[in-house]
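Reader: I'm in my first year and still learning to read structures. Could you take me closely through one part, the place where the two chains touch?

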There are 2 protein chains.
Amino acid sequence: MSASEELVGNALVGQSGGPTAVINSSVAGVVAEALNHSEIEEVYGCLNGVLGILNEELIDLASESQQAIRGLRSTPGAALGTCRYKLKTQADFDRVLDVFKAHNIRYFFYAGGNDSQDTADRISKLAQAQGYALRVIGIPKTIDNDLPVTDHCPGYGSVIKYISTTVREIACDNEAMGQHDLVQIVEVMGRNAGWIAAGAALAKRKDHPHDAPHLILLPEVAFSTEKFVADVQRVLKREKYCLIVVGEGLVDADGNYVSAAEATDAFGHAQLGGAAEFLQGLVEQNLPGVKARTVKLGMAQRAAVHAGSKTDSDEAFLAGQAAVKAAIRGETDKMVTLLRGDQDHYTVETGLAPLSEIANGVKKLPREWINEDGISMNHQFLRYATPLIQGETPVHYENGLPAFARLDKVRVEKILPAHTA
Amino acid sequence: MSASEELVGNALVGQSGGPTAVINSSVAGVVAEALNHSEIEEVYGCLNGVLGILNEELIDLASESQQAIRGLRSTPGAALGTCRYKLKTQADFDRVLDVFKAHNIRYFFYAGGNDSQDTADRISKLAQAQGYALRVIGIPKTIDNDLPVTDHCPGYGSVIKYISTTVREIACDNEAMGQHDLVQIVEVMGRNAGWIAAGAALAKRKDHPHDAPHLILLPEVAFSTEKFVADVQRVLKREKYCLIVVGEGLVDADGNYVSAAEATDAFGHAQLGGAAEFLQGLVEQNLPGVKARTVKLGMAQRAAVHAGSKTDSDEAFLAGQAAVKAAIRGETDKMVTLLRGDQDHYTVETGLAPLSEIANGVKKLPREWINEDGISMNHQFLRYATPLIQGETPVHYENGLPAFARLDKVRVEKILPAHTA
């Protein structure tokens, strides 16, 4: 812990990019921890990420009920709202600092992926250049699990728990339908990397290599129609059904998305089918008499708190807490990372990495974790991923359905004139 | 209770048609109850429905562990295997009776939908015609909820609980993405009736009519592009996102499936898109700049025990028990029905209805339960459906994922020569 000057002022937390099942848990961690430190006078949230800063749309998080803040630990979406807006101009950045100064924001916590950490980094650098004392700590968030340095990203454990659960359930169903050959195709997210699709490997029981999923198709492995058809035939012969998990970003040997080949129809309309429909077409064209059915989990997968990982939710909360603790210690310009212990049993603690390193890096799915067959994951991946799905996020049910937290969103009074972009 | 001759012999239970989240619970109910009655000597299961009878593929259910039978109460799929095979010829029916006679089957329990109850009925009639003492009781099963007489069908409560949960979660996600207009389309099963899509109405909180789903598109309401586009625009203006639940069997004013209009592409290949892709195309053509995203739950929805209704699972078990009790009482040629009490609080008891009445009837979604706007359900539907999703099916987790029961399937020795179709 570095001895640093005490910095007294207000804290601001924001959420950015696509929501996950646990990004709200990180906000809960920030709020819970912030209230422990007298240096932090007010705890604000910005609505819709940096957009809320530009528009001076801040809410008072300390006035929310404890029940609501606790409820965030099992509420999907982004309770503060999120955005994909990228700060563009110097005027944008200056406006951010103007708002920070107007509201005496001295601590800024931003939960998001690469782009969001880049934004946080640039805000931090600008404050330093202007001599405005500000501590900026990023909180990792992405189902894509592609942030560098950190062992894994909050959001990833829950998405692969949900997908593995779904695959295991569909497999029970398909296995029971023994009469006709059936190909079941489950499309999952992951435009650039196979982290999410790979996670479906957890659905296999230990020592049951023939369990579903039978084929995992990853963007990291160039797609070949011939191999695909042969793989499907081999599995059908053995199991009578073939359950395939495909990442949406499947590419051919030239690096083109497989579903992009027919990207427009005869009228020039965008072709709407994705990777699953592409494979369904291949099955029906190449394997007459074989039925192919698709499931597309879409945004359901990143919101599925009801099948979420408690480990993931707890780590997201921990990351929020750690962000506050680090800032109070005097750290800035860093993102919280998750560090896995080297014991046999899984342990995790938090670390810090420079925002600039996060913003410019991408963690790829290691090729050596993919089996030689190109369609399954080996024990190194399983050892990595299994701890991340342990435990079930406790969800509060009301009248038969999950009850999610909603914030009162008491607005902080605006001080500045309206922003003109 | 009618005084009837005691009939001593073996019992056989089978599963038929598409699996549900609770059809195994009905088998568990049959087995648990059968062991209470000395009239029933052995409890067998037939593999893959009537196909297993034709092929004399019977298993000894009494030899399964109690753990496995209990586990069936929260295991998706059809643990005995299922089929869509329809007994066709007199030779088929004669073979069924030959197998029953060879194994002294005196009690036959068949879980399934209309077609399966028809099959059971015909087997029963044949036995009567031949003077072979046999008691046949059907057990209702279908996510489609379209069997007549019974108040509702085991399987329905779980599918609508899962869909409502998913809709509520996606809504949290979409609501957070306030920057661009977003249309989210969730396609659910239901080729001929809107029971399943209607169930998504449960996702709305009480007294929050503007909650998602904003549009429920049912096969019962002829689709109009103009109204659809206007409805979407109205919701987008208010909410910035529009969550649509569409039943796969959506039809136009002429009664044709909306997705069938473009049933073949320029090469004569079957057009693979379903109702969701059809609507996505309409949004993108008619509302420039509005993003449309799809989720297709497919077979995941009928297997989702992890989000299953305890009420549904318990009632499926109860129906299995009731089938055995009825047969022991001397009933035959009937299907177990679920009867709702007329108190304010939900109660259910079982009844019986003639198989022939079930086989030839269909229960339609009442038009008067659909609001005038054609896209939402009224309080009568909510009063009907809400009790069916109460309670969460207790799922046993191992290593982070639901652990499902698997039967040992100890085969009953074959006695007859092989079946020749």
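Author: The contact takes 62 residues from chain A and 63 from chain B, where two residues count as in contact if their C-beta atoms, placed from the backbone, lie within 7 Å. On the chain A side, the elements that give two or more residues are α6 (156-176), α9 (275-286), β9 (291-296), α10 (300-303) and β13 (401-402). Those names come from DSSP runs, numbered from the N terminus: helices are H or I runs of at least four residues, and strands are E runs of at least two. The top giver on that side is α6(A), with eleven residues. Sort the chain A side by type and you get 27 nonpolar, 23 polar and twelve charged residues. Here Ala, Val, Leu, Ile, Met, Phe, Trp, Tyr, Cys and Pro count as nonpolar, Asp, Glu, Lys and Arg as charged, and the others, Gly among them, as polar.

Before going on, a word on the source: this is a predicted model, in which local features need pLDDT of at least 70 and side-chain atom pairs count only at pLDDT 80 or more, while totals for chains, interfaces and linings use all residues. Residues are numbered from 1 along each chain as its sequence is written, and chains are lettered from A and ligands numbered from 1 in the order in which they are written.

Now, how do the two copies sit relative to each other? In general, two copies of a chain are related by a rotation about an axis and a shift along it. In this model, a turn of 180° and a shift of 0.0 Å along the axis lay chain A on chain B with an RMSD of 0.0 Å; the superposition is by least squares on the C-alpha atoms of residues with pLDDT of at least 70 in both copies. The two copies are thus related as by a two-fold rotation axis. Want a spot to find that axis? Look at A:K296, which comes closest to the axis of the residues of chain A, at 2.4 Å (C-alpha). The copies meet through the same surface, because 100% of the interface residues of chain A are also interface residues in chain B.

While you have the model open, there's a backbone detail to look up in each chain. The peptide bond from A:A212 to A:P213 is cis, with omega near 0°, and A:P213 lies in the loop between α7 (195-199) and β7 (215-217) of chain A. In chain B, the bond from B:A212 to B:P213 is cis too, with omega near 0°. Most peptide bonds are trans.
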